[in-house]
Amino acid sequence: MRNMTWALAMVVGLGLGLGAGSVAIAAEAVQAQIIPATGVVQQVDAAAGKVKIAHDPIQALGWPKMTMFFRVKDAAVLEGVVQGDAVRFELEKGPTGMVITRIEKTAK
Ligand SMILES: [Cu+2]
């Protein structure tokens, strides 16, 4: 509780001290953060711009290991990616959630 109060005070302090413009820039920087992850491709739906990946835990997001669909930022991200590929990929927070910006196969 004490920490929460402190955090709130910091947010208010930042808002007052830096002004709305700086806060907006800070929010943008957080949005552009690249989050690395690894997993195995289960299904590729290029037409829908989606890929199902059994991913390892993603610490930066606090996500446990799970199998789920991800949307890709651009269809080109899925080029050459097929079911069964072990991959390393990068996530970025988009306006409607996490999207994959890059997929790279790892050695088998
Ligand atoms: Cu997940």
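From the N terminus on, the elements of the protein follow the order α-β-β-β-β-β, which comes to 1 helix and 5 strands. Helices (H or I, at least four residues) and strands (E, at least two) are taken here as DSSP runs, numbered from the N terminus. The model is a predicted one, in which local features need pLDDT of at least 70 and side-chain atom pairs count only at pLDDT 80 or more, while totals for chains, interfaces and linings use all residues. Residue numbers start from 1 along each chain as its sequence is written.

Confidence is a helpful place to look next. The average pLDDT (the predictor's confidence in each residue, from 0 to 100) is 84 for the protein, and 69% of the residues score at least 70. Among the elements, helix α1 (residues 2–31) has the lowest mean pLDDT, 56, and β2 the highest, 98.

The strands form a closed barrel of 5 strands in the order β1-β2-β3-β5-β4, with mixed pairing; two strands pair if DSSP finds at least two bridges between them. On average, neighbouring strands of this sheet are turned by 55° against each other, direction ignored, with axes as lines fitted to C-alpha atoms, for helices over the stretch in contact, and angles running from 0 to 180 degrees between N-to-C directions. Strands β3 (residues 66–72) and β5 (residues 97–105) run parallel and are joined by 2 bridges, and here R71 stands opposite V99 in β5. Strand β4 (residues 86–94) runs antiparallel to β5, with 8 bridges joining the two. In this pairing R88 stands opposite E104 in β5, and β4 and β5 form a hairpin with 2 residues between them.

Contacts and burial come next. Two residues are in contact if their C-beta atoms, placed from the backbone, lie within 7 Å. Of the contacts with a separation of 6 or more, 42% are between residues 24 or more positions apart. A residue is buried if 20 or more other C-beta atoms lie within 10 Å of its own, exposed if 12 or fewer, and partly exposed in between, again with C-beta atoms placed from the backbone. Buried residues make up 12% of the 108 residues.

In soluble globular proteins, nonpolar side chains tend to be buried together. The largest nonpolar core (a set of buried Ala, Val, Leu, Ile, Met, Phe, Trp, Tyr and Cys residues joined through C-beta atoms within 7 Å) has 11 residues: A37, V41, V51, I53, F70, V72, V77, F89, L91, I100 and I103. The elements giving two or more residues to this core are β1 (34–45), β2, β3, β4 and β5.

One member of the core, V51, is found in strand β2 (residues 50–55). V51 counts as buried because 26 other C-beta atoms lie within 10 Å. Leaving aside neighbours within four places in sequence, V51 is in contact with V41, V44, F70, V72, L78, V81 and I100. V51 and R71, 20 residues apart in sequence, are 6.5 Å apart in space, C-alpha to C-alpha. With the same neighbours left aside, F70 is in contact with K50, V51, I53, M98 and I100.

Q42, in strand β1, is partly exposed, as 16 other C-beta atoms lie within 10 Å. Beyond neighbours within four places in sequence, the contacts of Q42 are K52, I53, A54, T67 and Q83. Q42 and F69 are 27 residues apart in sequence and 9.2 Å apart in space, C-alpha to C-alpha.
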